[in-house]
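Open your viewer and get ready to select residues by number. We will go from stop to stop, and at each one you will learn what to look for.

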Amino acid sequence: MNNQTHHSVSHQTTQKRSVVIIGAGLSGLYSAYLLKKHGVKATVLEARERIGGRIHSIRPQLGEANNHEDSGYFDMGPAWFWPEMNPLFKGLVKELGLVAFEQYSDGNYLIDESRDKAPRVYPAAYMNQSSSHRLEGGMMSIVNGLLEALPPDSVILNTQVTAITKTDSNGYLLKATQDGQRINIEADYVITAMPLRLLIQSIQFEPALPSTMQKKMQSLPTWMAAHAKIIAIYPTPFWRAQGHSGSAMSYLGPIAETHDASTNLKEGQLGHGALFGFMGVNAPGRKTAGEDTLKAMSIRQLTRIFGPLAAEPLSVELLDWTREPFTATYDDGANLTHSVYGLVPANGGAEHPHLLFAGSEAATRNGGYLEGALEAAETAIAHWQRLHD
């Protein structure tokens, strides 16, 4: 990720840019990638110290005896896409030369409904879902691929935008903090690619956005923000040898559903196994229980479902997205369902014609999915092109 920069800038400095994008997640980086095709180098500002946003692939330290080239990356955020339903994502995977593989689903599907009895067993066909796919190297491989395709120094990390003020020329003055210092950036166009609810609560606009738009943004729950994801990593995917797919549903919890999260193991290849699950406990309950208790309860649950080998993971990783301040707001803690998304128009209206909105929550067809992040970026850039031309 050698294109990332981390410069401190005096608070008295005002930088001038053609297009500034707020947020270096999938939608923000894809917006910059599309602008590059138009010959424009955008500046992407990211509040975190990493790129990816809600895409976050980790490579845990598993001990010297267990770390090897195939230890793999594991997705603590979104992990799947559906080639039949996600043409933009599928096309970008091909364009960037990435390797996709089908989610492992061979074997039994289990339902955990009693602490005193073994889980009910169903054949894999019981699920009858569209084939989901993952990426080698985790979902971070797609944001890393976009980053590598951008001009050097396109992304500035640790930079949080706090105010956006329209200038006389319909451009914008952005105020931000970077490593504790204040900076100013001028831009002809601003594209926001952060969750809309977080946007409206954390950035001051002058003049204010239309009240109807503010209400709409506030009403859109941030995708992923209410969830917590847990991954247990094992020396091997032992459940496969037992005839299980790794997929299970539980009425007992704390994990509501589990799936195989192992790396893309070829026939006969050794490699770590992993099970991931979405926590069925809501945010207040997770906070009360605490991370250590949730991990311990989850391993007991996996042991009940998949047998004694599940009791000895090499590592247990838990990420509660409600505790990520650059993802979630206070209002996002309770919504564990998939919401209806979409923001029209794609810009700030007559008052803010050069302010454009990307991010998955803005997508009108695939909001709340990775496909929606790409869709919203394409809509924003198409709008920019109409304005720019």
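The tour below begins at one residue, moves out to a sheet and a helix, and then visits charged pairs, rings and a few other spots.

**Before you start**

This is a predicted model, in which local features need pLDDT of at least 70 and side-chain atom pairs count only at pLDDT 80 or more, while totals for chains, interfaces and linings use all residues. Residues are numbered from 1 along each chain as its sequence is written, and side-chain values use heavy atoms, with hydrogens and water left out.

**Stop 1: Asp 112**

Select Asp 112, which is found in strand E7, residues 108-112. Helices (H or I, at least four residues) and strands (E, at least two) are DSSP runs, numbered from the N terminus. Is Asp 112 buried or exposed? Asp 112 counts as buried because its relative accessibility is 1%. Here, buried means under 20% relative accessible area, exposed means over 50%, and partly exposed is in between (1.4 Å probe, protein chains only).

Now show what surrounds Asp 112. Leaving aside residues up to four places away in sequence, Asp 112 touches Pro 119, Met 249, Ser 250, Tyr 251, Leu 252, Gln 301, Arg 304 and Ile 305. Contact means heavy atoms within 4.5 Å.

**Stop 2: the sheet around E7**

Zoom out to see the strands. Which order do they follow? Seven strands make an open sheet, in the order E8-E7-E16-E17-E18-E15-E19, with mixed pairing. At the edges are strand E8 (120-122) and strand E19 (315-320), each of which pairs on one side only. On average, neighbouring strands of this sheet are turned by 20° against each other, direction ignored. Two strands pair if DSSP finds at least two bridges between them. Strands of a sheet pair through backbone hydrogen bonds, either parallel or antiparallel.

Look closely at E7 and E8, which pair in the antiparallel sense over three bridges. Select Ile 111 and you can find its bridge partner in E8, Arg 120.

Next, add helix H8 (residues 291-306), which packs on the sheet. H8 touches E7, strand E15 (228-234), strand E16 (244-250), strand E17 (255-260), strand E18 (273-279) and E19, and the direction of H8 makes about 60° with that of E15. For such angles, axes are lines fitted to C-alpha atoms, for helices over the stretch in contact, and angles run from 0 to 180 degrees between N-to-C directions.

**Stop 3: salt bridges**

A salt bridge is a side-chain nitrogen of Lys or Arg within 4 Å of a carboxyl oxygen of Asp or Glu. How many salt bridges are there by this rule? The count comes to 10.

Go back to Asp 112 and add Arg 304: the two form a salt bridge, with the closest N and O atoms 2.7 Å apart. This pair links distant parts of the chain, with Arg 304 in helix H8 and Asp 112 in strand E7, 192 residues apart. Arg 304 counts as partly exposed, at 23% relative accessibility.

Then select Glu 351 and Lys 166, whose side chains meet in a salt bridge (3.4 Å, N to O). Glu 351 lies in the loop between E19 and strand E20 (355-357) and Lys 166 in strand E11 (residues 159-166), so this pair ties together parts 185 residues apart in sequence. Glu 351 is partly exposed, with a relative accessible area of 39%, and Lys 166 is partly exposed too, with 22%.

Your last charged pair is Arg 286 and Asp 320, a salt bridge with its closest N and O atoms 2.9 Å apart. Arg 286 lies in helix H7 (residues 283-289) and Asp 320 in strand E19, so the pair ties together parts 34 residues apart in sequence. Both Arg 286 and Asp 320 are buried.

**Stop 4: aromatic rings**

Rings of Phe, Tyr and Trp (its six-membered ring) pair if their centres lie within 6.5 Å; planes under 30 degrees apart count as stacked, over 60 as edge-to-face and the rest as tilted. By this rule there are 11 aromatic pairs. Select Tyr 234 and Phe 238: their ring centres are 5.3 Å apart and their planes at 90°, so this pair is edge-to-face. Both residues, Tyr 234 and Phe 238, are buried. For a cluster linked by ring pairs, select Trp 80, Trp 82, Phe 276, Phe 278 and Tyr 369.

**Stop 5: helix H3**

Finish at helix H3 (residues 140-149), which is mostly covered, with eight of its 10 residues buried. Among them are Met 140, Ile 142 and Leu 146.
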